[in-house]
Amino acid sequence: MSDFLFARSQMAMSLAFHIVFAALGIGMPLLMAMAEGMYLRTEQPVYLDLCHRWAKGTAILFAVGAVSGTVLSFELGLLWPGFMQHAGAIIGMPFSLEGFAFFTEAIFLGVYLYSGIFVVTANAWMNSPAGFKIVDGQIRDINPIAAMLNPASLHEVVHMTLAAFVATGFMVAAVHAFFLLRDLSNPFHRAALGLALVVACISMPLQILSGDLSARSVARLQPAKLAAMEAHYRTQAGAPLIIGGIPQDQTMTTDYALEIPRGLSFLATHDPNARVAGLEEFPRDQWPNVRVVHWAFDIMVGSGMLMLALTLCADGLWLKYRRLPDNRWLLRGLIAAGPLGFLAIETGWVVTEVGRQPWIIYGVMRTGDAVTPMPGLVVPFVIFTGVYFLLAMVVVLLLRRQFLETRNPVPAQPPEVTHA
Ligand code: HEM
């Protein structure tokens, strides 16, 4: 493997690791606030207990998220000096705001949400660079606000934030569904599953709508990425939607795929007869890896559809019986779906990042031109892989202890109420 590939692999691994904790860091505070709110409304001690236990787990996740996030900011400078040199002046603002947000969060141990938004804005800028001009190879007329509010920011921020709520909602629902399956009347797990299902059932349908918004924005802003996502080689009016299959770059066909006539034209533009640019419109050296991007996209959307089906079942059961949906088959389904949100997040990032290749800044700078000239990048890659592996083991052990405690929850006592 070349140094360039080691640099990319190290960055990919660090992001794949960090994003799990960032998403939980955005989702868990929402659940804790809901539990706290329910306690204030109902005065049932079970909600207070829930809030305390979730807070303990979140503290572990926050610590690991903070460490892995700090590593990422160093890696940006060390592995991609070419990128930082050009991009720093233009998109440095959300990065510094992210740092500021992170300090505030570290103090309050609170919502990751707003630091997440700044980071995603910076990523959106890499996909859709704005807020500067290039004159004679030099960057001029920098407008950091326009850079931050680039055309991809809105859809990426909405999609990522909802992704965090979906993934957290489903993961938490899976944990409590698992315990509830053993004891259907347990009030602690019933309360926890109820709150997690509220988050999952509201955010999941919204995520499908935001996915549609993302796909239409990508069709407009990054047509090569859209073509790779859909394994769409030939420009065509009334283009079919290609699901699965094995894309073949040589023959520009996709074997064994399921095709929905006019589906791509409809999804990309809401017009079933619209013309959609295929990969043939772009020079070969500007194609992303079609198989990786297409399969990652299908996994993300497939996971989303499965989760949507579960939320519809839960909604149906709730509407029918007007009580927490605790059907055993639904609980089993929720347990199986626990990791799907995170699978969708990881594959979503693959779509975004691999789909932009060979560019680190779309249309402006190639990834190969931004990498450090330093040799021997295999060494940090191996060391970081080891560190992340150890960190993952520590998290699993600590959370396991937390789960075992949760198995037999002792309800918290309500604070004493004194009447005047
Ligand atoms: C019908 C379902 C979905 C569609 C059509 C869809 C569409 C998209 C598109 C087009 C992108 C690329 C955006 C870009 O590069 O600018 C993307 C990225 C992404 N998707 Fe999805 N998605 C769907 C479901 C999901 C689900 C269920 C999750 C997670 C729970 C998810 C998480 C992500 C993430 C984390 C990214 C990368 C960051 C971002 O662009 O915001 N997606 N999605």
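# Helix packing, ligand shell and backbone exceptions

Helices α1 and α2 run roughly antiparallel to each other. The term applies to angles over 145 degrees; under 35 counts as roughly parallel, 65 to 115 as roughly perpendicular and the rest as oblique. The model is predicted, so local features need pLDDT of at least 70 and side-chain atom pairs count only at pLDDT 80 or more, while totals for chains, interfaces and linings use all residues. Residue numbers start from 1 along each chain, as its sequence is written.

## Helix pairs

Two packed helices are described by the angle between their axes and the distance between the axes. Helices here are DSSP runs of H or I with at least four residues, strands are runs of E with at least two, and both are numbered from the N terminus. Axes are lines fitted to C-alpha atoms, for helices over the stretch in contact; angles run from 0 to 180 degrees between N-to-C directions.

Helix α1 spans residues 3-42 and helix α2 spans residues 45-79. Their axes cross at roughly 155° and come within 7 Å. The crossing of α1 past α2 is left-handed. In the contact of α1 with α2, 25 residues are nonpolar, nine are polar and two are charged. Ala, Val, Leu, Ile, Met, Phe, Trp, Tyr, Cys and Pro count as nonpolar, Asp, Glu, Lys and Arg as charged, and the others, Gly among them, as polar. As for hand, left-handed means that the near helix is turned anticlockwise from the far one by less than a right angle; clockwise is right-handed.

Helix α1 also packs against α7. Here the angle is about 125° and the axes lie 10 Å apart. The pair α1 and α7 is therefore oblique. Its crossing is right-handed. On the α1 side, L30, L31, M34 and A35 make the contact; α7 supplies L195, A196 and V199. That contact has seven nonpolar residues, with no polar and no charged ones. Contact between residues means C-beta atoms, placed from the backbone, within 7 Å.

Further along the chain, α10 (residues 290-321) packs with α12 (residues 340-354). The angle is about 150°, and the axes are 8 Å apart. The two helices are therefore roughly antiparallel. They cross with a left hand. Contact residues from α10 include V292, F297, M300 and G304, while those from α12 include L340, A344, G348 and V354. By class, the contact of α10 with α12 holds 14 nonpolar, five polar and no charged residues.

## Around the ligand

Which residues come closest to the ligand? They are A163, G211, G304, A344 and G348, out of 27 that surround the ligand. Helices α6 (153-182), α7, α10 and α12 each give two or more residues to this shell. Membership requires a C-beta atom, placed from the backbone, within 6 Å of the molecule. The shell divides into 14 nonpolar, eleven polar and two charged residues.

## Selected residues

A residue is buried if 20 or more other C-beta atoms lie within 10 Å of its own, exposed if 12 or fewer, and partly exposed in between; C-beta atoms are placed from the backbone.

| Residue | C-beta count | Class |
|---|---|---|
| I19 | 24 neighbours inside 10 Å | buried |
| R262 | 18 other atoms within 10 Å | partly exposed |
| L209 | 12 other atoms within 10 Å | exposed |
| D141 | 10 neighbours inside 10 Å | exposed |

I19 sits in helix α1. Leaving aside residues up to four places away in sequence, I19 touches I345 and W349. I19 and F342 are 323 residues apart along the chain, yet their C-alpha atoms are separated by 8.9 Å.

L209 belongs to helix α7, residues 187-221. From L209 to A336 the C-alpha to C-alpha distance is 24 Å, with their positions 127 residues apart in sequence.

## Backbone exceptions

Most residues other than glycine have a negative phi, and most peptide bonds are trans. Three sites here depart from those habits.

D141 is not a glycine, but its phi is positive, about 50°. The residue lies in the loop between β2 (138-140) and α5 (144-148). R262, also a non-glycine residue, has a positive phi of about 60°. The loop between β7 (258-260) and α9 (263-269) holds R262.

Where is P358 found? P358 occupies the loop between α12 and β9 (359-361). The peptide bond leading from Q357 to P358 is cis, and its omega is near 10°.

Technical notes: Two residues are in contact if their C-beta atoms, placed from the backbone, lie within 7 Å.
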